[in-house]
Amino acid sequence: MKPLLQIISLAGLAVLCAAPLCAQQAGAVRGRVTDQATQQPLSGVTVTVANRSALSQADGRYFIAGVAAGSYTLRARMIGYGLVDQPITVGSDTALVDVTLTGQAIGLSAVVVTGYGEQRKGDITGAVTAVTDSEFNTGRVISPQMLIQSKVAGVQVVDNNEPGGGLSIRIRGATSVNASSEPLYVIDGVPLGNGAGGGLSVQGRDPLNFLSPGDVEDITVLRDASAAAIYGSNAANGVVLITTKSGKGRHGGGFEYTSSASASSVTKVPEMLNAAQFATAVAAYAPARSALLLGANTDWFSLIGRTATGQEHNVSFTNGTDDMGYRLSLGYLNQDGIIRASSTERLSVGINYQQRLFRDRLSLRTSVRGSRTLDHFTPGGVLGNAAGMAPTQPALDPTSSTGYWDWNTTNASPSNPLASIALARDHGTTWRSVGNAQASYALPFLEGLTANVNLGYDLAKSDRTTFIPNNLAAEVRQRHGLFYIANNTQANSVLEMYGTYAPARTAGPGTVSLTGGYSYTQSHGEFPWLQATDLRTNLLGDNGVPGAANITNVRDIVDYKLISFFGRANYNISDKYLAAVSVRHDGSSRFGPGNQWGTFPSVALAWRLSGEDFMRGKWGLSDLKLRASWARTGNQAFGDYLQYATYTYSDAQSQVWFGDQFVTTIRPSAVDTAIHWEKTSSYNAGVDFGFSNQRYYGTFDWYTKNTSDLIFTVPVCAQCNLSNFVTTNIGSMKNRGFELSLNARLIERRPSGLSWTASLTASHNTNELVSINPNQSVSKILRGNISGGVGNLIQVLQPGVPINSFFVFEQKYDATGKPIYDNATPTNMYVDRNGDGVINDSDRRPFHDPSPKWILGHSSYFTAGRLDASFTVRAYLGNYVYNNVASSNGAYQNLTGSGMPSNLHASVLKTGFVVPQYYSDFFVENASFLRVDNINIGYNFSYRGQPFRVYGTVQNAFTITGYSGVDPTSGLNGIDNNIYPRSRTITTGLNVRF
Amino acid sequence: MNRTTKAVSVAAVLLSLSWTGCTDPTVAPKSSVTSANIFNDPNSYRAFIAKIYGGLIVTGQRGPDGNPDIGGIDEGFGEYLRLYWYLQEMPTDEAVIGWNDPGLGDLNRGIWGPSNSMVNAMYYRVFYQIMLANEFLRQSTDAKLDARGQNDPTLRTNVHFYRAEARFLRALSYWHGIDLFGAIPLVTEADPLGVPPKQISRDSVYRFVVTELNAVVGALPPAGASTYGRATPAAAHMLLAKLYLNAGIYTGTANYAGAVTEAAAVIAAGYSLDTSFVHNFQADNNTSPELIFVAAQDGGGTQTWGGMTFLIHAGCGGSMSAGTYGVDYCWGGYRMKQQIYRLFAAGDKRAAFFWTTGQTDSVADIGNFSNGIAAPKFTNKKSTGANGTQMGMVDTDFPIFRLADAYLIYVEANIRGGGGSAATALGYLNAIRQRAYGSTSANFAALPPVDTLLAERGRELMFEAGRRTDLVRFGLFSTATYVWAWKNNVPGGAALAAGRDLYPLPANELIANPNLQQNPGY
């Protein structure tokens, strides 16, 4: 984009010209600023002599020229440190004055990684939370995102309970319906692809699994839009910045070995009828079928579940000199799932290398990491069949072709889950490497001007193979075996170039720092897959198909490009008045000509009241900062090529007989060629506060996010396009809420080593779909597939209510609180909301939704001598779950259908439903809960001079909830349909350093 | 600053500028084809017209599901003919299904509303066909072919046939549209996309359809080896016969004379009644001499969860064995209501396949498959007794028009005063009766009163997706004159609410297109 380029260039030139290059006068002051406690150099310290100031550089050195000879008071000041006033005398040459600062509110001076740079925590104008490794969740953590679960206010981390299973993160609620609501992940400055986890992985596992949590140094979450806006079109859902561990220079070198072993058990499974109850139900509702029951007493869930073990080993070696440092790491993880046949195994390597050259002017940082993940999946249908298989039937049958007992019927019926586990195969292998090389060069001709280049890559190759033999009962009935293999590859590359200018001298009353740059991202993915059904033989298993009746072979190629220009200016007056302005201009291949470019600006202001003289020392305040910001961010995380009118060919099974031959057909797609960005406009107001030198500190934020031009697959008028649904920009959505986080070092006794640090987070979010249709009328879109029947949808997108609200009938209850069942006269059973005397679709109404209204988290860390302990508690309030296992299995009709009798959910004993009542709000349950996520106890000692640590962790210790199903947290969509059960995991581990 | 540093700086700056020159984010699709190039392939014209035929039976570009044409409904039951069957059979005296599929129960009970997903999906399927046909007509003009250099005379000839066929298929869907929904918008290839059209009267759409059919009847490909599954002139005559027979309903002015003329044209086209009634509904029904227009299915090549896959699987249930019907398992779906069952007299071979074991005659409980006699009319067995190519997906073609219907149209229109020969009419009626009984024992001596034709149509054409239209024409669909089980949600039956002779326009459609006026009563 030429005009912008010019503006950036001109701005750069202006900076160059304005800088006083060699305005040296008589005297000057130079020296080095260090931390009194650590003796480490401090950068970013404002040193003032008379009316001239300078900032100390990375090596702690500062230089102030143009000081007339005389006596002065040198003032050195940095947030989080005590002010130093030092009398000096300047002669005609350069005076050497080294300064030592004493930390006070150290937290405020901590360096926090932000987009394209770093900032002191106390100077940040946006809502940013950094979590460092000492605060991470412990135990068996497979994906890095789990490290910060319930640690950050406003951030919801949702896992699917499987080992290494796909994770979702929602920062301040969902901002989109059809596009992704996942944040952008940036690892060591390299933005990963968009979508959950950023990048490619085998379906059902998290893409970030390639990164061993042991290699993560800290994770910073850019919660509000003003902080995230520098990432423009990918920032609408927030940004998660992950920094990996690197070499520590001369200090802290050596080997580190961590090892742990774990055991996991199933916490809860669906409540199905036991054998005796089932036999009674069959006798009552399907007496003719009682003879089919074989009198066994089989607990199917206990047969498919297991106590799962896991182990993890990480070795790292760090070393370095003053100018360089490196870290090598090697990790191995093997974790079985609590349902048989599921597991994940990871081998990972990582190298971080950093080097400073040319008298520290050039800094190089390289990070390369790679992993191979081997995933095994429980074959599809095992959980559903464990629920549906009659408990009166035996598990084994030596006379059958599989060796397992199954109903002998041609009609759809539950089948033996153990046969699937034993004979079917479903596994995937993912290879992934992400790396980057970053060079930062402090240009010699202008102090404070740095040029940065960052080259990154992300290569991933992911295979998934599924084999279901043709002799499994369900296959014998219908599909006669399945073989599926997908070999997906994706190669992304990123080039980013940016300059930062942070002049040592003040500009006007404060200091300025400028950042401007260019980013080029491209991605190439190939997604071939092959599916064969109706297998002729099972002989080769998952190695291949010698013969099959139906074979589908597809190859998709997807290319994507994102080109960006960005700039940011920070202005800081005495750490009291802070301003940040940023803009990003993005061009994306996902839009057609004229719609490719979008601009995403942000403005943030902050006022550190505690820096004002009138507040100094009041109420023990060490920090009080008011913040306000506005920003516009974008979202383009959806399919490619939506702007093109494409034609789709039919496959071999959807041809049309045309006269005397089969013809492969073509279908035009419904297209909106003018599709453009989703935009989210956000306001944030916050206050940061701290007392007693930040011993107690906290932050409160209020926000509102308005997403407009929501990309939405919406119904259009039947004659308006080439289908009744088109993906287009229609609709808007609003998220509003607030976040509170409080932290305290409650006990701090240095000599005895006794300490207690605690944190509390609370966040509240309300979501409202404002419109899905230009006419703002009562239109609604149903979604949310459930099991039971065919094509039943349980959720609704309707203006005025939260997205994915459940859309159900209002159940009537009798005096004893039992739901009324009267299928012949539905008006007795449900409230006839429109009073027309019949119960039909018009009587369903939106009723609660799956997202939590309140998320509360608490973490405590204790130390006492050599012992340390911590625990994490999490609570959700106001989240609702549709218990689909109960609704589809909790009806006596499941005993009398055309298939063999299927086991019933225990809810049927209460409801007495004969015909399934999928749309009864009885099945929409309040799933608020309180859970102790994590309890950890460690003991530190040394053996032959080497530090050792042993620890034990319990994850998911217990949950208090009124929800009757398996897990109140599983999944974002709030539909509990035979989900993978949650595990309780006990881990013991050892850390050694030598 | 030393020389090396300078060189590095200059190189870095130049490199940066060269990269920042990359400011075009455009990426053209590689593994998909677009409107820009698809019609450069001469095969694309046939592929496109085949898609419009396929729109009647397959639901998307992956069989049997996985890449749907329309949204907002489960792909399986969002199939055109399955929806049409639901709308034409479920609220009548013929069929009942106990499934909980969304919207289905309300059709059973005659209490559907404007948000009923089956009704809505039918509307979208109708216009999906129309929009495809319009797009085809836009893309296949002589001028477009000239511009693309498609000058092969054989291709030109074929494209002219295809264009006539597209207009026929558009007319067929418009007929379904006015029959089910009344006044609807009329859009042709001349109307631009993206503009919500005006609604016009049922009468005006009717006149458009009649004009179109008369215009294309001579341009359709003559029946022959290369037209199975395609529309021939006889198919256009048949559609005209059906339009004229119901003209009184569509326009207020009857046209029985037109119905007689067009039915006669169909009958003269060389079709004959198959000696075996059931062969018309078997896996090899493509060899029946009676079928005028079909939606062809094939267990291997044309897979769908709708059409015959649905009709064969869903007709099987209770104590029946799926293998008897050449399928893998029974879905336990539709049975007869007692009213239609009781129309069949002893000796009528059209009742030979009824399944009574474990079934009751009356439908007291819709949800229980054992309520109502089962009638597995359609099967995936060939007339030889062999199975179709697969047992999951079926080979049986969906008969949209067959000769027996043309006979009955001739007879009814004649009785109603449309002219033609009464003797010929009696002959047609008795030909049907004779096949049904295997003898002349049940023949009529003279043409019966017209009400008997409704019963005969019920017996002959049961479950062939025409019942609602027939009942409306006889004034019995929504009134209290004739009631059946669960009509208006009462076990014994009652009059439907006012306006139920038409289905409502989809609630979403009224919002998406403010020009639309909902049908009275909704």
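Two strands count as paired here if DSSP finds at least two bridges between them. Helices (H or I, at least four residues) and strands (E, at least two) are DSSP runs, numbered from the N terminus. With that in hand: in β6(A), G70(A) has V90(A) as its bridge partner.

This is a predicted model, where local features need pLDDT of at least 70, side-chain atom pairs count only at pLDDT 80 or more, and totals for chains, interfaces and linings use all residues. Residues are numbered from 1 along each chain as its sequence is written, while chains are lettered from A and ligands numbered from 1 in the order in which they are written.

**Where chains A and B meet**

- The chain contact involves 94 residues of chain B and 85 residues of chain A, a contact being two residues whose C-beta atoms, placed from the backbone, lie within 7 Å.
- On chain B, the elements that each supply at least two residues to the side touching chain A are α1 (3-20), β1, α2 (43-54), α5 (117-139) and α18 (507-512).
- The top contributor on that side of chain B is α2(B), which gives eight residues.
- By class, the side of chain B that touches chain A has 42 nonpolar, 39 polar and 13 charged residues. For the classes, Ala, Val, Leu, Ile, Met, Phe, Trp, Tyr, Cys and Pro count as nonpolar, Asp, Glu, Lys and Arg as charged, and the others, Gly among them, as polar.
- Strands from both chains also share a sheet: an open one with three strands in the order β34(A)-β31(A)-β1(B), paired antiparallel.
- Its edge strands, each pairing on one side only, are β34 (666-668) of chain A and β1 (33-34) of chain B.
- The link across the chains is two bridges between β31 (residues 646-649) of chain A and β1(B), running antiparallel, and T646(A) sits opposite T34(B) there.

**Helices of chain B**

- Helix α14 (residues 403-415) of chain B has 13 residues that should span 18 Å at 1.5 Å a residue, and its end C-alpha atoms are indeed 18 Å apart. The expected span is 1.5 Å times one less than the number of residues.
- All 13 of the 13 residues of α14(B) are buried, so the helix is largely enclosed by the rest of the structure. Buried means 20 or more other C-beta atoms within 10 Å of the residue's own, exposed means 12 or fewer, and partly exposed is in between, with C-beta atoms placed from the backbone.
- Just after α14(B) comes G417(B), with a positive phi of about 95 degrees.
- The axes of α14(B) and helix α16 (residues 450-461) of chain B come within 10 Å and cross at roughly 175 degrees, which makes the two helices roughly antiparallel. Axes are lines fitted to C-alpha atoms, for helices over the stretch in contact, and angles run from 0 to 180 degrees between N-to-C directions. Angles under 35 degrees count as roughly parallel, over 145 as roughly antiparallel, 65 to 115 as roughly perpendicular and the rest as oblique.
- Residues making that contact include L408(B), V411(B) and I415(B) from α14(B), and L453(B), R457(B) and L461(B) from α16(B).
- The α14(B)-α16(B) contact has seven nonpolar, no polar and five charged residues.
- For α5(B), 23 residues should span 33 Å at 1.5 Å a residue, and the end C-alpha atoms are 32 Å apart, which agrees. This helix is mostly covered, with 19 of its 23 residues buried.

**Strands of chain A**

- Seven bridges pair β5 (residues 70-77) with β6 (residues 84-90) of chain A in the antiparallel sense, and A76(A) has V84(A) as a bridge partner.
- The hairpin of β5(A) and β6(A) has six residues between the strands, and G80(A) in it takes a positive phi near 90 degrees.
- β5(A) is also joined by four bridges to β2 (residues 46-49) of chain A, running antiparallel, with T46(A) opposite R77(A).
- Elsewhere in chain A, five strands form an open sheet in the order β11-β16-β17-β14-β15, with mixed pairing. Its edge strands are β11 (128-132) and β15 (190-191).
- β14 (residues 184-187) of chain A pairs with β15(A) in the antiparallel sense over two bridges, where I187(A) partners V190(A).

**A loop residue in chain A**

- T506(A) lies in the loop between β25 (482-501) and β26 (511-535) of chain A, and is partly exposed with 19 other C-beta atoms within 10 Å.
- T506(A) and T48(A) are 458 residues apart along the chain, with their C-alpha atoms separated by 9.6 Å.
- Leaving out residues up to four places away in sequence, T506(A) touches S53(A) and T511(A).
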